[in-house]
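Got your viewer open? Let's take a short walk through this model, one selection at a time.

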Amino acid sequence: MTQNKVLLIVAAVLIAAALGWWSQKEAEPVPKPIVIVPEAVVEPEIKTITELEPAMEEPRQELELEPEIIIVDPPAGLSGSDFDVSAATIDLADGLQQWLVADEQIRKWVLALDNLADGNLVNKHQPWSFPLGAYVVKGDETIEELSVDPANYVRADPLLDVVLAIDPQKLAAYYRSWSPLLDQAYGELGRGGSFDQRLRSLIARVLAVQPLEEHPLLEHKSVMFTYKDPALELASDLEKALWRMGPENTRRIQLWVSEVHAAL
């Protein structure tokens, strides 16, 4: 109860008492003491919310619901799963299928990612086949001044453009739905841990690679070119593969991988 309301009640009681005394005054021979009644405190009128003029309502904002992600259901088992993998590939990235090796796709991807988690690129049983073209160097081999030609950095662009256009949220939805098959294929390798642990190790390894901003010097040994800097040459196959795509593509890949990681 507010202070103003208390004062009004007290004043009302005093006024009622005074009026009662005034009505009995003529009949009573003994005068009564005068009671001084304070002026009633008039409380300002307070309108309730419903009495106020309606305020202009703000336009109601409709909640934007994220579109439902629809994916191809996983097959019942690894055997005969390539047809479903092909359908899922087309759904994820139409155009990627042309570079995939058709048979045993799930087993080959699990094997490839398991090796990449250790930084290794294995040529046998690869799930893809992409023509990179010749490796180009700059300089004069006779004076041992060879370096990486930036023309190498665009060799994988057609493949990267297709892969990096895959929606990370949709890819994560496929991963969660198809995980039992991936775990089954990983179990066949006889390795410890889980496929999810290996995938996350690979993600951490990719994100840890430092892009090479300059074109490093090379040496021509046998039929291969190697880095002249021993520290660079000792790097993993995965690091070298990213370096061969150039610093800009390395950062593009790392950005996409970080988005996939956040979606998992």
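In what sense do strand 2 and strand 3 pair, and over how many bridges? Select residues 145-148 for strand 2 and residues 217-221 for strand 3: they pair in the antiparallel sense, over two bridges. Keep in mind as you look that this is a predicted model.

Now click on Leu-146, whose bridge partner in strand 3 is Leu-218.

Next, bring in the whole sheet. It is an open sheet of four strands in the order 1-2-3-4, with antiparallel pairing. Its edge strands are strand 1 (137-140) and strand 4 (224-227), each pairing on one side only. Look along the sheet for the twist, which averages 40° from one strand to the next.

From strand 4, move on to Asp-229, which sits in the loop between strand 4 and helix 7 (230-233). Is Asp-229 buried or exposed? Somewhere in between: its relative accessibility is 38%, so Asp-229 counts as partly exposed. Show its side chain and you'll find that it reaches the backbone nitrogen of Ala-231 at 2.9 Å. Then go back to Leu-218: its C-alpha atom is 8.0 Å from that of Asp-229, and the two residues are eleven apart along the chain.

Last stop: select helix 5 (residues 168-187) and helix 6 (residues 195-208). They pack at an angle of about 105°, with their axes 9 Å apart. Angles of 65 to 115 degrees count as roughly perpendicular, so that is how helix 5 and helix 6 lie to each other. Show the side chains where they meet: Tyr-175, Leu-182, Asp-183 and Tyr-186 in helix 5 face Phe-195, Asp-196, Arg-198 and Leu-199 in helix 6. Colour this contact by class and you get five nonpolar, no polar and three charged residues.

Methods
Residues numbered from 1 in each chain as written. Predicted model: local features only at pLDDT ≥ 70, side-chain atom pairs only at ≥ 80, totals over all residues. Heavy atoms only, no water. Axes fitted to C-alpha atoms, helices over the stretch in contact; angles between N-to-C directions. Parallel < 35°, antiparallel > 145°, perpendicular 65-115°, else oblique. Contact = heavy atoms within 4.5 Å. Nonpolar A, V, L, I, M, F, W, Y, C, P; charged D, E, K, R; others polar. Pairing = 2+ DSSP bridges. Buried < 20%, exposed > 50% of the residue type's maximum accessible area, 1.4 Å probe, protein only. Polar contact = N/O pair within 3.5 Å; in protein donor to acceptor, adjacent residues only side chain to side chain.
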